[in-house]
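Please open the structure in your viewer and keep the selection tool ready. We will go from the whole chain to single strands, and then to one helix.

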Amino acid sequence: MLVHRLLIISFIVLPAFTVSCAQAQQHHSNTEVITPTWAPLTLQMQEPSPKEDKPEAIEKENDSLKRPVGKLSGRRICLDPGHDSIHVPGAAAHDQSGRVLFNEHELTHLVASRLRALLEAEGAQVCVTRNEAGDLHIAPYDFNGNGSTRLPEDMAERTQPRIDFMSQFGAELILSIHFNGFHNPALSGAEVYYSDTGPYQHENRRFSESVLYSLTKKMQDSGYSPVVRGVHSDNYKTEYRAYTWAYGFDRGCTECTRLLTLGNNPMSKNRGDWKVGALAEVLFLTNPQDVRFLQGADAMDIITDGLAQGILAYFEAE
Ligand SMILES: [Zn+2]
């Protein structure tokens with residue numbers, strides 16, 4: 001009965017106010033984690049063939065043959081798996097007894113690893129802001145000068161490593177991957193955020209629409225119809241106003257309420273130096289139907305395929 005009622009609630013069109021995992025206060029005291037059923041990522045690694053002495057012309061010809069040729073050949077793309085186990089853990093899914101089913105920072109890392117392989121198979125050069133162990137490549141650094149990177153007002157310092165890493169890679173397109181959480185378990189579905197500012201705002205919107213469409217289409221094709229919550233401006237984080245003083249702005253700073261990760265919040269030390277970006281909130285870890293889908297053996301493949309298709313379709317329509 002309860003499940004039936006929740007099913008009905010989840011299909012009601014919800015008002016387009018914004019919630020995100022960054023807002024959710026998921027303080028999970030029980031750290032026991034149930035091992036997910038997803039198959040581990042296995043990459044087909046090719047043994048390098050022994051180098052022989054060849055004339056230079058033949059060597060060059062072989063090099064060009066070996067270079068991956070695909071729909072994303074020549075593209076530089078960065079993936080930003082949201083959160084980590086140290087600085088900002090994010091949301092979590094729990095079972096009925098309160099045990100952690102999975103943490104947001106683990107899901108985002110898993111999706112990014114698989115997505116990287118798909119994009120590279122299409123010839124893209126790909127960077128991921130967290131290493132194989134799940135840690136940030138660049139540590140947060142204290143640029144507001146308060147001697148810490150861990151206080152509430154230091155959130156721009158905890159996001160800056162992601163922006164810096166993607167800018168230094170020379171990304172043309174970035175995708176930040178998150179899962180949502182909210183105190184009301186009725187909220188469910190997928191949504192994508194984009195920066196509606198600067199010269200690329202229309203491209204940002206087009207990219208975010210492509211990601212949302214492809215992601216939810218793949219889920220629908222698999223038999224799960226999530227609530228499609230739409231694409232939204234990244235300028236909604238009103239709680240950031242409480243910390244503008246730490247970065248030399250007053251509370252009236254209208255651009256200081258943008259999502260930090262998308263690189264257009266002036267509280268960041270360096271803005272994002274890429275063309276196009278979006279932040280996907282794949283599904284809600286606090287909604288029973290979304291979580292049931294995520295527990296399926298194919299869920300990670302479906303999500304990864306959907307995000308990859310969103311990137312491919314964006315470039316194809318250029
Ligand atoms: Zn998140």
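**The whole chain**

Begin with the cartoon view of the whole protein, in which you can find seven helices and eight strands; here helices (H or I, at least four residues) and strands (E, at least two) are DSSP runs, numbered from the N terminus. This is a predicted model, in which local features need pLDDT of at least 70 and side-chain atom pairs count only at pLDDT 80 or more, while totals for chains, interfaces and linings use all residues. When you type a selection, remember that residues are numbered from 1 along each chain as its sequence is written.

Of the 318 residues of the protein, 43% count as buried, where a residue is buried if 20 or more other C-beta atoms, placed from the backbone, lie within 10 Å of its own, exposed if 12 or fewer, and partly exposed in between.

**The sheet**

Next, select the strands of the open sheet, six in number, which follow the order β4-β1-β5-β8-β6-β7 with mixed pairing; two strands pair if DSSP finds at least two bridges between them. At the edges you will meet β4 (125-128) and β7 (228-233), each of which pairs on one side only.

Now select β5, residues 173-180, which pairs with β1, residues 76-81, in the parallel sense over five bridges; in this pair, Leu175 of β5 has Leu79 opposite. Strand β5 also pairs with β8, residues 276-284, again in the parallel sense, over seven bridges, and there Ile174 stands opposite Gly277 in β8.

Is β5 mostly covered or uncovered? Eight of the eight residues of β5 are buried, and the strand is mostly covered. If you show the side chains, Leu173, Leu175, Ile177 and Phe179 point one way from β5, whereas Ile174, Ser176, His178 and Asn180 point the other way.

**The helix α7**

Finally, select helix α7, residues 299-316, whose end C-alpha atoms are 26 Å apart, which agrees with the 26 Å that its 18 residues should span at 1.5 Å a residue; the expected span is 1.5 Å times one less than the number of residues. Because 13 of the 18 residues of α7 are buried, this helix is largely enclosed by the rest of the structure.
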